[in-house]
Amino acid sequence: MTLNLPALLPSIATDPIHQFKIFPLLEWSAGGYNLSFTNSSFWMLVSTGLVLVILGLAASRGGLIPNRLQSLGELSYGFVADMVRSTAGEEGLKFFPFVFTLFFFILGANLVGMFPYAFTTTSHIAVTGALAIVVILIVIGYGIYKNGLGFFGLFAPHGVPLPVLIFLVPIEIISFLARPITLGMRLFANMMAGHIMLKLLAIFVVMLAGAGLAWAAWVPYVLLIPITALEFLVAFLQAYVFALLTCVYLKDAIHPSH
């Protein structure tokens, strides 16, 4: 077991992909399997811990007149509850804890990754793909549990003639199987592309300034400001879209008939 502390903070590199590299912090293997604790695992714990602390403090006061932190917690609860209710119906509220956890896990990881030297765990398809697989397995499992074989009616809409069903059913199946792929790819691609753009602009600033063209370095530097603000917005929107689509898929599990 080897501790690798220097890998905790990524080094400055001109390669914009370098920021996504995973380093082992605590090397450990057992039974031929690599079980090392990585920088991705560390920052995942950091983002999760920050979310738990903030929401825990927001829920701990419980005053009749809420302070700002308590108001934030109440707004967060109401925001996710309304999203689940409006998309999946009242019955969908049984999945509120799952959707709430999913939304704030992704949001926390996205926001933490925006700060210098932090690591964006949602920029890896292994993380976003795993979340998407969990979502689709819950949808399939609950759909079959609640509706039995009637769940597969999702692939055969009522009232469609048999000749059309021959072509429609395979399309519906492919569309359903593509859900976890698109769900994971959307979050991964958006977070990676945004961070690459920010890193490239930062590299341009340093290179132009180092070449004695400080006047030209102001152009990418000024562009960094609105793009950084946009990335914070994207961090929230991607968490929202992931949670919203999860609610849509859960609705299909609760009411599979078209």
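1. Some vocabulary before the helices: axes are lines fitted to C-alpha atoms, for helices over the stretch in contact, and angles run from 0 to 180 degrees between N-to-C directions. With that in hand, take helix α5 (residues 162-210) and helix α6 (residues 214-254). They pack at an angle of about 170°, and their axes lie 9 Å apart. Angles over 145 degrees count as roughly antiparallel, so α5 is roughly antiparallel to α6. The contact of α5 with α6 is mixed by class: 23 nonpolar, six polar and four charged residues.

2. Now the overall layout. The model is predicted. The protein has six helices and five strands. From the N terminus, the order of elements is β-β-β-β-β-α-α-α-α-α-α. Taken along the principal axes, the C-alpha atoms fill a box of roughly 70 × 55 × 50 Å.

3. How do α3 and α4 pack? Their angle is about 170°, and their axes are 12 Å apart; helix α4 covers residues 125-147. That angle makes α3 roughly antiparallel to α4. On the α3 side, the contact is made by F98, L102, F105 and I106; on the α4 side, by L131, V134, V135 and I138. By class, the contact of α3 with α4 has eight nonpolar residues, no polar ones and no charged ones.

4. The pair α2 and α3 is arranged another way. The axes of α2 and α3 come within 10 Å and cross at roughly 120°. Angles of 65 to 115 degrees would count as roughly perpendicular, and over 145 as roughly antiparallel. The two helices are therefore oblique to each other. As for handedness, α2 passes α3 in a right-handed crossing.

5. Which residues of α2 meet α3? From α2 come S76, Y77, F79, V80, A81, M83 and V84. From α3 come F96, V99, F100, F103 and F104. By class, the contact of α2 with α3 has 11 nonpolar residues, one polar and no charged.

6. Next, a pocket. The second largest pocket has a volume of about 290 Å³. It is lined by 16 residues, and the closest to its centre are V51, I54, F104, L107 and L111. Three elements give two or more residues to the lining: α1 (39-61), α2 (68-88) and α3 (96-112). The most comes from α3, with six residues. By class, the lining of the second largest pocket has 13 nonpolar, three polar and no charged residues.

7. One residue links two of these points. F104 of α3 is among the residues in the contact with α2. F104 is also one of the residues closest to the centre of the second largest pocket.

8. What does a search for cavities find? Over the whole structure, there is one cavity of 30 Å³ or more. About 40 Å³ of space lies in the largest cavity. Its lining is made of Q19, F20, G113, A118, F119, T120 and H195. By class, that lining has three nonpolar, four polar and no charged residues.

9. To sum up α3: this helix is oblique to α2 and roughly antiparallel to α4. It also gives the most to the lining of the second largest pocket.

Methods
Residues numbered from 1 in each chain as written. Predicted model: local features only at pLDDT ≥ 70, side-chain atom pairs only at ≥ 80, totals over all residues. Heavy atoms only, no water. 1 Å grid on protein atoms, 1.4 Å probe; cavity = no way out; pocket = protein on both sides within 12 Å on 5 of 7 lines; lining within 4 Å. Points joined across faces, edges and corners; volume = space filled by probe spheres on them. Helix = DSSP H or I, 4+ residues; strand = E, 2+ residues; numbered from the N terminus. Nonpolar A, V, L, I, M, F, W, Y, C, P; charged D, E, K, R; others polar. Parallel < 35°, antiparallel > 145°, perpendicular 65-115°, else oblique. Left-handed = near helix turned anticlockwise from the far one by under 90°. Contact = heavy atoms within 4.5 Å.
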